[in-house]
Amino acid sequence: MEMPKIETTVIKINDYITAIDQMMVRSFLITGMDSALLLDAGAENMDLPALVSQLTKLPVTLCMTHSDGDHTAALGRFDSALAHVDEIPLLMSRQPEIKTLFIPVEDGHVFDLGGIVLRVIHNPGHTPGSISLLDEKNKALFSGDTVSFGPVFMFGANRNMDDFENSLNKLKAVCEEYGVDTIYPCHNTCPITPECIVELLACVKGIKDGTLEGHEPKGDLPPGENPIQYTVGSSGIYVPR
């Protein structure tokens, strides 16, 4: 039986950010004066390059925040994609049939789009090569799956809670240093504030020291999965039972 298609909605957030919303997840088209960057390839294997070409006539680079399937469905429709060096093996193993050329980036890599400059921040934990993008000029952070109200998936393969905690502390410090006041996550409410990082850190601490009580999941989960949910404020984490 053919699976129903995921509805795609284009949402203009501001002069340079467009969200491509696919119900449970969003990609971002970030547009400068000279070029544009597409962050992630969505949850639906649609003609995403054609959609993007309707939104901008500038040259577009695809960059992946990480390798989870709800971010990579249309990846094979692109000739090339940039991803953190630690994430490329996962991308290749999960879609071995695609011909996309993967170009490695590392922490500190800079995308200069013309008036908009984005710096890669490596934040492993959710996956080994997860990244965020820092926009210093606009005091904004594109956080992938590392920071959102979530609940952030920390069950299943390739998750590491210690790395996740370290990454949250790293992003908290970045937000404080650069005065970041707006975070654009790939899931749930968008935009949010750095208070979400504080809540997620409290979640991690409560999970680790046993002071936070878990509860039954409230959101949709992949078939066969049964994690437990921990929540602080508006933010949450799913972990294995």
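Where is the place of T56? Select T56 and you land in the loop between α1 (48-55) and β5 (60-63).

Before going further, some ground rules. This is a predicted model in which local features need pLDDT of at least 70 and side-chain atom pairs count only at pLDDT 80 or more, while totals for chains, interfaces and linings use all residues. Residues are numbered from 1 along each chain as its sequence is written, and side-chain values use heavy atoms, with hydrogens and water left out. Helices (H or I, at least four residues) and strands (E, at least two) are DSSP runs, numbered from the N terminus.

**Stop 1: T56**

Stay on T56. Its relative accessibility is 10%, which counts as buried (buried means under 20% relative accessible area, exposed over 50%, partly exposed in between, with a 1.4 Å probe and protein chains only). Show its side chain, and you'll find that it reaches the backbone nitrogen of L58 at 3.1 Å. Now add L29, T31 and A36: T56 is in contact with these once its neighbours within four places in sequence are left aside (contact means heavy atoms within 4.5 Å).

**Stop 2: the open sheet and α3**

Next, select β8, β9, β10, β11 and β13. These five strands form an open sheet in that order, with mixed pairing (two strands pair if DSSP finds at least two bridges between them). At the edges sit β8 and β13 (182-185), each pairing on one side only. From one strand to the next, the twist averages 20 degrees.

Zoom in on β9 (residues 117-122) and β10 (residues 131-135), which run antiparallel and are joined by four bridges. Pick H122 and look across to I131, its bridge partner in β10. Then bring in α3, which packs on the sheet and touches β9, β10 and β11 (140-144). The direction of α3 makes about 150 degrees with that of β9 (axes are lines fitted to C-alpha atoms, for helices over the stretch in contact, and angles run from 0 to 180 degrees between N-to-C directions).

**Stop 3: salt bridges**

How many salt bridges are there? The count comes to ten, where a salt bridge is a side-chain nitrogen of Lys or Arg within 4 Å of a carboxyl oxygen of Asp or Glu. As background, side chains of opposite charge can pair when their charged atoms come close.

Start with K170 and D107, whose closest N and O atoms are 3.1 Å apart. K170 is in helix α3 (residues 161-178) and D107 is in the loop between β7 (101-105) and β8 (110-112), so this salt bridge ties together parts that are 63 residues apart in sequence. Both ends are partly exposed: K170 at 33% relative accessibility and D107 at 43%.

Move along to K208 and D162, a salt bridge with its closest N and O atoms 2.5 Å apart. Here K208 of helix α4 (residues 195-209) is linked to D162 of helix α3, 46 residues apart. K208 is partly exposed at 41%, and D162 is partly exposed at 45%.

Now select R241 and E216, whose side chains meet in a salt bridge at 2.8 Å, N to O. R241 lies in the segment after β15 (235-239) and E216 in the loop between α4 and β14 (228-232), so the pair ties together parts 25 residues apart in sequence. R241 counts as exposed, at 52% relative accessibility. Also highlight D68, R94 and R159, which salt bridges with shared partners join into one network.

**Stop 4: β15 and its partners**

Which way do the residues of β15 point? S235, I237 and V239 go one way, G236 and Y238 go the other, and all are buried. In a regular strand the side chains alternate between the two faces of the sheet. With five of its five residues buried, β15 is largely enclosed by the rest of the structure.

Turn on β12 (residues 152-153), which pairs with β15 in the parallel sense over two bridges. Its V152 has I237 as bridge partner. β14 pairs with β15 too, in the antiparallel sense over five bridges, and Y230 stands opposite I237. Follow the hairpin of β14 and β15 through the two residues between them, and you'll meet G233 in the turn, with a positive phi of about 60 degrees.

**Stop 5: helix α4**

Finish on α4. Its buried residues include C196, L200 and V204, and the buried residues of this helix pack against β12, α3, β13, β14 and β15. Just after α4 comes G210, with a positive phi near 75 degrees.

Definitions and conventions
Polar contact = N/O pair within 3.5 Å; in protein donor to acceptor, adjacent residues only side chain to side chain.
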